[in-house]
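Please load the model in a viewer and keep the selection panel at hand. The tour proceeds by selections, each followed by a short account of what is found there.

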Amino acid sequence: MKANFVDGSVIEGSYAAIERIKKMLGGAAPRYYIETYGCQMNEHDSETIAGMLERMGYEKAAEKSEADLILFNTCCIREHAEKRTFGNVGFVKEIKQNNPGLITAVCGCMMQQREVAQRLRDRFPFVDLVFGTNELAVFPQLLERVMGGERVFEIKNIDGEIPEGLPIRRNEGFSTFVNIMYGCNNFCSYCIVPYVRGRERSRRAEDVVAEVERAAAEGFTEVTLLGQNVNSYDDEGLRFPELLRRVSRVEGLKRLRFMTSHPKDLSHELVMAMAETPNVCEHIHLPVQSGSNRILKLMNRRYTREHYLDLIRDLRENVPGVEITTDIIVGFPTETEEDLEDTLSLVREVGFSAAYSFAYSVRQGTAAARMEGQIPEEVKKERLQRLNAVIMESVNGANDKYMGVEGEILIEGCDRRGEPMMFGKLPSLKMVYVNGDESMIGNYYKVRITGTRFNSLVGELI
Ligand code: SAH
Ligand code: SF4
Ligand code: F3S
């Protein structure tokens with residue numbers, strides 16, 4: 001499939017606006033603060049915006065209260081995300097009292113819901129700039145208008161093109177994200193993403209490889225390839241398993257990860273690419289959402305429980321030590337006790353190394369919002385607790401098999417709850433705690449597992 005790209009002249013226009021703002025700032029180094037909600041997609045977009053701001057001469061503020069520009073990059077995947085955002089944007093009013101020149105901007109998925117964006121604009125007159133997920137490339141042009149005294153509200157309903165060639169300021173660390181595609185075509189009946197991120201479109205493989213090369217050259221040794229459904233990546237016939245193999249050959253890349261995989265599209269070719277590519281980590285995030293075939297059908301997931309279990313078998317047969325993580329929703333419209341039992345039994349059967357559980361949240365405009373048989377909030381809550389108990393049991397049980405096992409961890413930081421210990425992840429994404437000091441951060445160490453701590457593992461250096 002051939003994707004559409006943001007016109008080169010638009011990107012040139014963005015760079016020109018960056019230069020004009022830089023001139024306007026005249027060497028002053030105002031500070032920016034970006035608050036990001038939601039998934040890694042949004043994190044990645046925030047890094048692009050930070051990249052543009054730094055090119056203008058902005059510097060990162062340590063605290064929101066010190067900033068001259070505050071940007072909220074919002075999420076709307078579930079209802080509480082929305083409430084939190086409105087609350088936090090409201091707080092800016094106080095900061096603005098001390099800094100009348102403060103620029104406040106709000107962008108991201110939530111702003112792509114027109115009525116919500118309008119409500120936000122009407123409720124918070126101090127918000128200077130609102131823009132949607134498709135306006136990332138023209139952020140400098142929009143900011144320039146704000147600096148000229150305009151209040152800007154820019155949300156287009158286009159299905160989105162791919163912006164290439166924008167600057168990026170990656171968050172510090174050794175692990176980073178690279179987007180391989182945008183949008184989603186799956187329309188799972190509960191999900192808002194296809195409505196706020198537009199149609200699925202894949203970046204060119206050479207652009208992805210080049211971006212990973214730049215990240216590796218900057219010192220990142222672990223890269224996660226991002227997409228709502230990486231298995232449907234399609235650059236004019238070049239599919240995800242081949243992309244994974246190409247990216248894995250980037251020099252300096254120790255670990256390669258990807259997310260998210262949709263069970264309906266996970267192919268045996270991908271399993272084999274994982275098996276045959278040493279630096280692709282033995283981990284897959286494979287959201288199952290429900291263990292009941294009836295609910296899966298209503299969710300429009302287009303696979304069955306049996307198909308999911310077949311995939312798990314294929315993965316475990318071919319990728320030694322592979323760990324599987326998942327997402328699960330309880331309280332989907334019409335869900336019965338029996339459906340919930342099917343989900344609980346699936347969790348026990350698979351033995352996930354982590355599972356993110358959610359109570360179904362009604363999203364206006366989606367198919368599930370119009371379904372009969374919505375489940376009362378207290379029932380959802382009770383089911384979520386039951387699910388979490390089974391997940392805990394299953395995760396802790398899965399830890400036993402690690403005793404005495406050796407592996408390599410990338411040290412990320414120090415945990416000071418109780419006795420301070422350094423921590424880092426195995427390729428399988430399992431967290432391991434070891435004794436050591438801060439000089440170890442960013443390096444890889446061989447460890448042997450000796451015990452557990454919280455839901456994680458404890459090891460000794462070897
Ligand atoms: N593209 C990914 C998921 C992105 S959203 C995929 O298909 O797996 C991340 C998770 O949020 C989903 O897996 C789902 O479990 C949860 N989620 C999405 N919409 C939701 C809703 N309306 N209510 C509750 N959870 C939801
Ligand atoms: Fe949402 Fe489904 Fe697309 Fe994932 S695959 S983003 S759950 S519609
Ligand atoms: Fe991600 Fe939330 Fe948007 S989960 S794609 S930031 S709605």
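Are Arg170 and Glu211 buried or exposed? Select the two residues: Arg170 is buried, and Glu211 is buried as well. The coordinates belong to a predicted model. The two side chains form a salt bridge, with an N to O distance of 2.7 Å. This pair links distant parts of the chain, 41 residues apart: Arg170 sits in the loop between strand E6 (152-154) and strand E7 (175-179), whereas Glu211 belongs to helix H7 (residues 205-217).

**The whole protein**

Zoom out to the complete chain before continuing. The secondary structure comprises 13 helices and 21 strands. The C-alpha trace extends over about 60 × 55 × 50 Å along its principal axes. For 462 residues, a compact globule would have a radius of gyration near 23 Å, and the value for the protein, 23 Å, agrees with this. Colour by accessibility next: buried residues account for 56% of the 462 residues.

**Further salt bridges**

Side chains of opposite charge can pair when their charged atoms come close. The model contains 38 salt bridges in total.

Select Glu222 and Arg255, whose closest N and O atoms lie 3.4 Å apart in a salt bridge. Glu222 is part of strand E10 (residues 222-226) and Arg255 of strand E13 (residues 255-259), so the pair ties together parts that are 33 residues apart in sequence. Both Glu222 and Arg255 are buried.

Move on to Glu341 and Arg386, a salt bridge in which the closest N and O atoms are 3.8 Å apart. Glu341 lies in helix H12 (residues 337-350) and Arg386 in helix H13 (residues 377-399), so this contact ties together parts that are 45 residues apart in sequence. Glu341 is partly exposed, at a relative accessible area of 38%, and Arg386 is partly exposed at 25%. Extend the selection to Glu335, Glu337, Glu382 and Arg383: together with Glu341 and Arg386 they form one network of salt bridges that share partners.

**The ligand sites**

Which residues surround ligand 3? Display Gly38, Cys39, Asn42, Cys75, Cys76, Ile77, Cys109, Arg197 and Gln228. By class, this shell consists of five nonpolar, three polar and one charged residues.

Centre the view on ligand 2 next. Its surroundings are made up of Cys184, Asn186, Phe187, Cys188, Tyr190, Cys191, Val193, Pro194, Gln228, His262 and Arg301. Seven of these residues are nonpolar, three polar and one charged. Gln228 appears in the shell of ligand 2 and also in that of ligand 3.

Stay with Phe187, which occupies the loop between strand E8 (181-182) and helix H6 (193-197). The phi angle of Phe187 is near 50 degrees, a positive value in a residue other than glycine. With a relative accessibility of 31%, Phe187 counts as partly exposed.

**Backbone details**

Select Asn300, in the loop between helix H10 (293-298) and helix H11 (305-318). Although Asn300 is not a glycine, its phi is positive, at about 60 degrees. The residue is partly exposed, with a relative accessible area of 27%.

Then select Met259 and Thr260, which are joined by a cis peptide bond with omega near 5 degrees. Thr260 is located in the loop between E13 and helix H9 (268-276).

**Empty space**

Rolling a probe the size of a water molecule over the atoms shows where empty space is left.

How many cavities of 30 Å³ or more does the structure hold? There is one. The largest cavity encloses about 50 Å³ of space. To display its lining, select Asp45, Asn73, Cys107, Gly108, Phe131, Gly132, Thr133, Leu136 and Arg197. Three of these lining residues are nonpolar, four polar and two charged. Arg197, part of this lining, also belongs to the surroundings of ligand 3.

Finish at the second largest pocket, which holds about 370 Å³ of space. It is lined by 20 residues, and those closest to its centre are Glu282, Gly407, Glu408, Leu426 and Pro427. Strand E17 (406-415) and strand E20 (444-453) are the elements that each give two or more residues to this lining. E17 contributes the most, with three residues. The lining of this pocket divides into nine nonpolar, four polar and seven charged residues.

Key. Residues numbered from 1 in each chain as written. Chains lettered and ligands numbered in written order. Predicted model: local features only at pLDDT ≥ 70, side-chain atom pairs only at ≥ 80, totals over all residues. Heavy atoms only, no water. Near = heavy atom within 4 Å. Nonpolar A, V, L, I, M, F, W, Y, C, P; charged D, E, K, R; others polar. 1 Å grid on protein atoms, 1.4 Å probe; cavity = no way out; pocket = protein on both sides within 12 Å on 5 of 7 lines; lining within 4 Å. Points joined across faces, edges and corners; volume = space filled by probe spheres on them. Helix = DSSP H or I, 4+ residues; strand = E, 2+ residues; numbered from the N terminus. Salt bridge = Lys/Arg side-chain N within 4 Å of Asp/Glu carboxyl O. Buried < 20%, exposed > 50% of the residue type's maximum accessible area, 1.4 Å probe, protein only. Rg over C-alpha atoms; globule rule 2.2 N^0.38 Å.
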